[in-house]
Amino acid sequence: MIQVRNLTKRFGAKTAVNNLSFDVQPGLVTGFLGPNGAGKTTTLRAIVGLVRPDAGAVTVNGTNYHDILAPTHEVGALLEAKAYHPGRRARDHLVALAQASRIPNRRVDEVLGLVGLADAGKRKAGTFSLGMAQRLGIAAALLGDPPVLLLDEPVNGLDPEGIVWVRTLMQALAAEGRTVLVSSHLMSEMALTATHVVVIGRGKLIADSSIEELVRASSGSRVRLRTPLAGALVPHLLAAGGTVQPGDDGALMVSGLEPDAVGDIAFKAQAPVHELARLEASLEEAFMELTQEDSEFRAQGVTGAPAARQGWGAAARGGADGAGAPAGTGTGGQAGAWPGAPAGDGAPAGTSAPPAQGWPAARQGWSGPA
Amino acid sequence: MSAPTRVLGTEVRAAPRPTGEVPTLADTLRSEWTKMRTLRSTKVTLGVTALIVIGLSALITWASVASPHHGTQAFTNPLGVIQAGWGLGWLAFEVLGALVVTNEYSSGMIAATFLATPRRVRVLAAKGAVLSVVVGLLSLVMTFVNFYVGHAVLSAYPAFPEPALGDNNVLRAVLGMALTSTLMALIGFALGAVLRHTAGAITASVAVLFVLPLILQALPTSWRNPVEEYWPTQAGSQLEQVTRQAHALTAWWGTGDLALFVALLLVVAGVLLVRRDA
Ligand SMILES: Nc1ncnc2c1ncn2[C@@H]1O[C@H](COP(=O)(O)OP(=O)(O)OP(=O)(O)O)[C@@H](O)[C@H]1O
Ligand SMILES: [Mg+2]
C-alpha cells in the first residue's frame, strides 16, 4: 500500500507535482497515467526518496522510505532503464546492489533467470539493448522480493514478446498480493495490464478510479448508424439535439442521443437502417478527454478533440470545423498532441482507433433497453 | 498467497511480507568494494597511474644527473628528484576519486545505489573508505618501488648523493607520499560529490592542485607567502620535504591543514548529498 498525501514538488518556478494525493492498493496492478511532463516520474522518485518533496508526504506501508530498515525488501523500483554503469557486467551490477541490501548472490542468479538474462549476466551492461536494459532494471527491482513494486514505463523499448512478458509478470506479482504501480503514457497498454488507474496532468490528480468507471464516466459514448439515406437523415438528428459526424465507411457517428432515439428518428424519416450500435469511448479517448486541458506539450494549431468531434455539430461554433473534421473518429485530431510519444505501440500516435485497437472496444451491437 | 507462481516458465516466489535482514555499514562497504573491483576502467587507470608515476620519476631522476646541464636539485634535494613524478599521480588520484562518484551520476546508477541504501551519508562514507584503502595501499607500494628505482638510478652516478631510508625524514617522506596521495584522492572524491559532473570535478581538481598555486605566484610576496603556506595541496606536500622549506608549514602541520580541508569538503559533500534530490 502506497499513500501519497498532498505531494508537491517544484523545480525552480516549475511545479512538477501539485498537491497530489492518492493511494495504491495491494493485490492489483495500478496504472499511473499522464501526458509527457505530467509528473509521473517525479512522483515515483518521491515515493522512494530520491526527490525530496516541497510539501506533503509519501509512505509505503505506513513508513517513509528513508525510515524503512530494509528498503530493498520492501520496495522494488525500476525508474530509469539504464541505471547502471555501462562498463560493469550485468551480474556484477546486481551483485553490488544485492550486497548493499544483504541479499545472497544466489538470489542474483535467480532474478537473472527470471528476467531471461541468465546467459547475458557475464556481458557488460553497456552492450545491452534497451529491452535487455529494461529486463536488468526489473531484475534489480525484484532482488529483494518486495511486496511493493514501482515501474516507470517498463515496456518502453520492449518487443511484443517482452511486452507480454512484463504484462504477465506484473499481473502475477499483483495476484500474489503485491502492490504494483506502473506508469505509462500508453493507455492501450494500461488497458491490458491495469485494473485501476491514477491519471495526472500537470502534476494534479485528474482521475483515480477503476478502468471500467473511467470509460463509463467518459462523455465520449456515441451511436453509430449506417444508412443509405445519410444526407436526408442528418437534419432530423440535428433537430433532435444530436451532434453528427461522418464516420469511416460513410456511417454517421451520433452523440448526444441514445440509440433508441436515433432508431426512432430514422424510422420516422423513413431511412433504412443497416447498422445501429452504441460505441463506448475507448480508454484512449477517455484519457484524451481527461488530459486535453493538461497536456503540457501540444502541437500548435491542432484542433482539440471536442472541436474535431463537432462535425456537423449543433453547437456550430465555426462551420469550418465540419469541413476540417478528420475522417477518423474524434481522437484523430488529437494525435498531434503527443509529439513525444513513442511510436512503438502505435497507441496515441495512430489516428483514432478505438475499433482497431480493440479495447475496451465498445460493446457493439444493439443496445436494447435494459 | 505463498504458493509459487509460474511466470513464463520461471517460478516467482511470493513473499507478501518483507523478510530481509537489515543491512549495515559493512554491507554498504562490501557493495562499494564490488563496484570498485568490477570496473575494468578503474583497474586500468590505477595501473597506468602507477606506471606513469614510477616511470616519469625515474626518467626525471636520470635526466637530472645524466645531463651535463643538471641543476643543483640532485645535490640539495635528491629525494625530491626521485619523487618528481608524483604531481601527476596526485592529479590522477583526484580524477579517480571524482569518477567514483560522478560515474554514478552520469550513468544513472546513483538512483539504484540510493534505493538500496537511502542513508546517503553511509554511501558517501563507504565509497570514501573503499577509495582511501585502494589508493592508500596502491600508493604505498608505488612509493617504495619509486624510491628504490630512483635510488638505483642515483647509485649509477657516484658523483651524486643517494638518500637512504634511515636518513633524517626520508622514511617519513616515502611513507608520507601514500598518505598525501590518499588525501588528494579524497579531494577529488568530495569535489565529485559536490559537483556531480565528471568534467566539472576534474576541472576543479586541476584548479586546486595546479592552477590556483600558479595564480598565487602572481600575487605580491606579502600576500603570496601566507596564502601559499596554508593552501591545502601546498601545505600537504610538506610531508615529502626532508628539510623544512621557507614560507611553508612543517610537515605535520601542513598535513593537518590538508586533512582539515579534505574534512571540510567532505562535510559540504555530505550535507549537499542529503539535501539535494538524487
Ligand atoms: N530535475 C528536474 N529539474 C527541473 N525540472 C524537472 C526535473 N525533473 C522533472 N522536471 C520537470 O517536471 C515536470 C514533470 O516531469 P516528470 O519527468 O515527472 O514527468 P513524466 O510524467 O514522468 O513525463 P514523461 O511521460 O515524459 O516521462 C516536467 O515539466 C519536467 O520538465
Ligand atoms: Mg517519466
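Which helix gives the largest share of the lining of the largest pocket? Keep that in mind as we walk through this predicted model, where local features need pLDDT of at least 70, side-chain atom pairs count only at pLDDT 80 or more, and totals for chains, interfaces and linings use all residues. Residues are numbered from 1 along each chain as its sequence is written, chains are lettered from A and ligands numbered from 1 in the order in which they are written, and side-chain values use heavy atoms, with hydrogens and water left out.

**Stop 1: chain B as a whole**

Select chain B and colour by secondary structure. You should find 12 helices and 2 strands; helices (H or I, at least four residues) and strands (E, at least two) are DSSP runs, numbered from the N terminus. Along the sequence the pattern reads β-β-α-α-α-α-α-α-α-α-α-α-α-α. Taken along the principal axes, the C-alpha atoms of chain B fill a box of roughly 85 × 45 × 30 Å.

**Stop 2: the largest pocket**

Now select B:Trp90, B:Gln234, B:Ser237, B:Gln238 and B:Gln241, which lie nearest the centre of the largest pocket among its 26 lining residues. On a 1 Å grid over the protein atoms alone, a pocket is an open set of points with protein on both sides within 12 Å along at least five of seven lines, a cavity is a set of points where a 1.4 Å probe fits but cannot get out, and lining residues have an atom within 4 Å of a point. The pocket volume is about 650 Å³; grid points are joined across faces, edges and corners, and a volume is the space filled by probe spheres set on the points.

Add H5 (86-107), H9 (198-217), H10 (221-230) and H11 (232-236) of chain B, since each supplies at least two lining residues. The opening question is settled here: H10(B) gives the largest share, 4 residues. By class, the lining has 10 nonpolar, 12 polar and 4 charged residues. Here Ala, Val, Leu, Ile, Met, Phe, Trp, Tyr, Cys and Pro count as nonpolar, Asp, Glu, Lys and Arg as charged, and the others, Gly among them, as polar.

**Stop 3: H5 against H7 in chain B**

Keep H5(B) and add H7(B), residues 120-155: their axes come within 12 Å and cross at roughly 160°. Axes are lines fitted to C-alpha atoms, for helices over the stretch in contact, and angles run from 0 to 180 degrees between N-to-C directions. That angle makes H5(B) roughly antiparallel to H7(B); angles under 35 degrees count as roughly parallel, over 145 as roughly antiparallel, 65 to 115 as roughly perpendicular and the rest as oblique. The crossing is right-handed, meaning that the near helix is turned clockwise from the far one by less than a right angle, with anticlockwise for left-handed.

For the contact (heavy atoms within 4.5 Å), show residues including B:Phe93 and B:Leu96 of H5(B) with B:Leu131 and B:Val135 of H7(B). The residues of this contact divide into 8 nonpolar, 4 polar and 2 charged.

**Stop 4: H8 against H12 in chain B**

Move to H8(B), residues 170-195, and H12(B), residues 251-275, whose axes come within 9 Å and cross at roughly 20°. The two are therefore roughly parallel, and H8(B) passes H12(B) in a left-handed crossing. Among the contact residues are B:Leu183 and B:Phe189 of H8(B), and B:Trp252 and B:Phe261 of H12(B). By class, this contact has 21 nonpolar, 2 polar and 1 charged residues.

**Stop 5: the largest cavity**

Show both chains. The count comes to 7 cavities of 30 Å³ or more, and the largest has a volume of about 250 Å³. Of its 23 lining residues, the closest to the centre are A:Ala77, A:Leu97, A:Ala140, B:Ala112 and B:Leu115. S5 (75-78), H2 (90-100) and H4 (130-142) of chain A, together with H6 (109-116) of chain B, each supply at least two lining residues. The lining has 17 nonpolar, 5 polar and 1 charged residues.
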